[in-house]
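Colleague: I'd like to learn how to read a model like this one. Can we go through a few features together?

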Amino acid sequence: MRDEDYSSTHPPLPPTTEDDRVAWLRLLRSRRVGPTTFWKLMADHGTAQRSLEALPEVARAAGVEGYSPCPEGVVLAEMKAARMAGARMICRGDGAYPRALAALPDAPPLLWAIGSAEVLSKPMVAVVGARNASSLGLRMARSLAGDLGAAGYVVVSGLARGIDAAAHGAALEGGTVAVLAGGVDVVYPAENARLSDEIVAKDGLRLSEQPMRIQPVARHFPVRNRIISGMASGVVVVEAAAKSGSLITARNALDQGREVMAVPGHPLDGRAGGCNILIRDGAKLVRSAEDIIEQLPPPPEPPGQGAVPLEVPPEPPKDRRTLQQAAALHQQILDRLGPSPVSEDQLIRDLGAAAKAVSPALTDLELEGRVQRQPGGMLALVPR
């Protein structure tokens, strides 16, 4: 059977056996194979094993001679290191994989996780900012993160010193996720080792797409930032210079269709320059957690006494009339969108519907792969 017979537009199923997981990891760790190439190979060849078999010929066609995929021994050593560190492999398509992150075209094929994966099923907000934060900035980060946790949101950040560490520390009780630039078993900076242990002890989570034991280098941080923003409904920048990694996270958020929010600062404080630029360019100004919550879908109600916790909270039952109304709204949205981007506000005005009804409908259509969010709050149909 030819490889093209396996070609599919549907996301590949996650690995279910140890051999499948080894093949996924070998493919991802092979030279010149990043997430985008991984998904292209999987779409073309159907499985990771067939993709590995095809890789030398694919490389030869690209002008790379003598190509060999990642040896099995390398990934077996990585998997052994993961077991020793207590890390779990979460693959795209698994129930525990963050749903919002899975919708991205460059979603990590797999994540290594240490801690409680249950937090990944909860609504998330990213709180990021300067490493050399001011005392006022640190106080603001703690206040926002603590209030967001109390309101039912999980705080996501990068475990860096400064704003990230303050946000994680204040969100421990409500649950927090630290996305690392290096291996999930490599805490950077070392001064946050105790905080890292507290995150896991408090049923939070450490995540990374990098191989085990990998020390972070400069190029890892921008790649890591797309995961922070991709997991969250919105990104809040507390303090950031005009050129900083936090603004990379904000740009990722815009490209991913996430809400971008920022805390304003004094014009003469360089640490506030990036936040003020974001607000000038349309980011929501944040004074308190209430300003953030207003921009986000409400978190689901906690389960009642005696309820059995699930990996993913179940959707409430819908009667036939409600389903028919939802289907009608979906069709109205699709009828009004085309390949040319339209702003979400304009779409809502054209529909004459309430924003609180249109927003979840757009999310459904995004997850179905029928609508695509573009930078600047623009929407367009996905070409078929």
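Colleague: Let me start with Thr176: does it count as buried or exposed?

Modeller: A word on the ground rules before that. This is a predicted model, where local features need pLDDT of at least 70, side-chain atom pairs count only at pLDDT 80 or more, and totals for chains, interfaces and linings use all residues. Residues are numbered from 1 along each chain as its sequence is written, and side-chain values use heavy atoms, with hydrogens and water left out. Now, buried means under 20% relative accessible area, exposed over 50%, and partly exposed in between (1.4 Å probe, protein chains only). Thr176 has 1% relative accessibility, so it counts as buried.

Colleague: Which side chain does Thr176 join in a polar contact?

Modeller: A polar contact is a pair of N or O atoms within 3.5 Å; within protein, one must be able to donate a hydrogen and the other to accept it, and residues adjacent in sequence count only if both atoms are side-chain atoms. Here the partner of Thr176 is the side chain of His168, at 2.8 Å. Contact in the plain sense means heavy atoms within 4.5 Å. Setting aside residues up to four places away in sequence, Thr176 touches Val154, Val155, His168, Ala171, Ile199, Gly204 and Leu205.

Colleague: Now helices. Which residues of H11 are buried?

Modeller: Helices (H or I, at least four residues) and strands (E, at least two) are DSSP runs, numbered from the N terminus. H11 spans residues 273–280, and Gly274, Cys275 and Leu278 are its buried ones. Looking down the axis of H11, these buried residues fall within an arc of 100°, so they line one face of the helix. That arc is taken from the directions from the helix axis to the C-beta atoms.

Colleague: Why would they share a face?

Modeller: An α-helix has 3.6 residues a turn, so residues three or four places apart point the same way. The cover over the buried residues of H11 includes strand S7 (234–237), helix H10 (245–255) and strand S8 (259–262).

Colleague: How many disulfides are there?

Modeller: A disulfide is a pair of cysteine sulfur atoms within 2.5 Å. Searching the whole structure turns up zero. As for cysteines, Cys70 is buried at 7% relative accessible area, and Cys275 is buried at 0%.

Colleague: And where does pLDDT stay under 50?

Modeller: pLDDT is the predictor's confidence in each residue, from 0 to 100. The protein averages 87, with 89% of the residues scoring at least 70. Residues 1–9 stay under 50, and so do residues 303–319.
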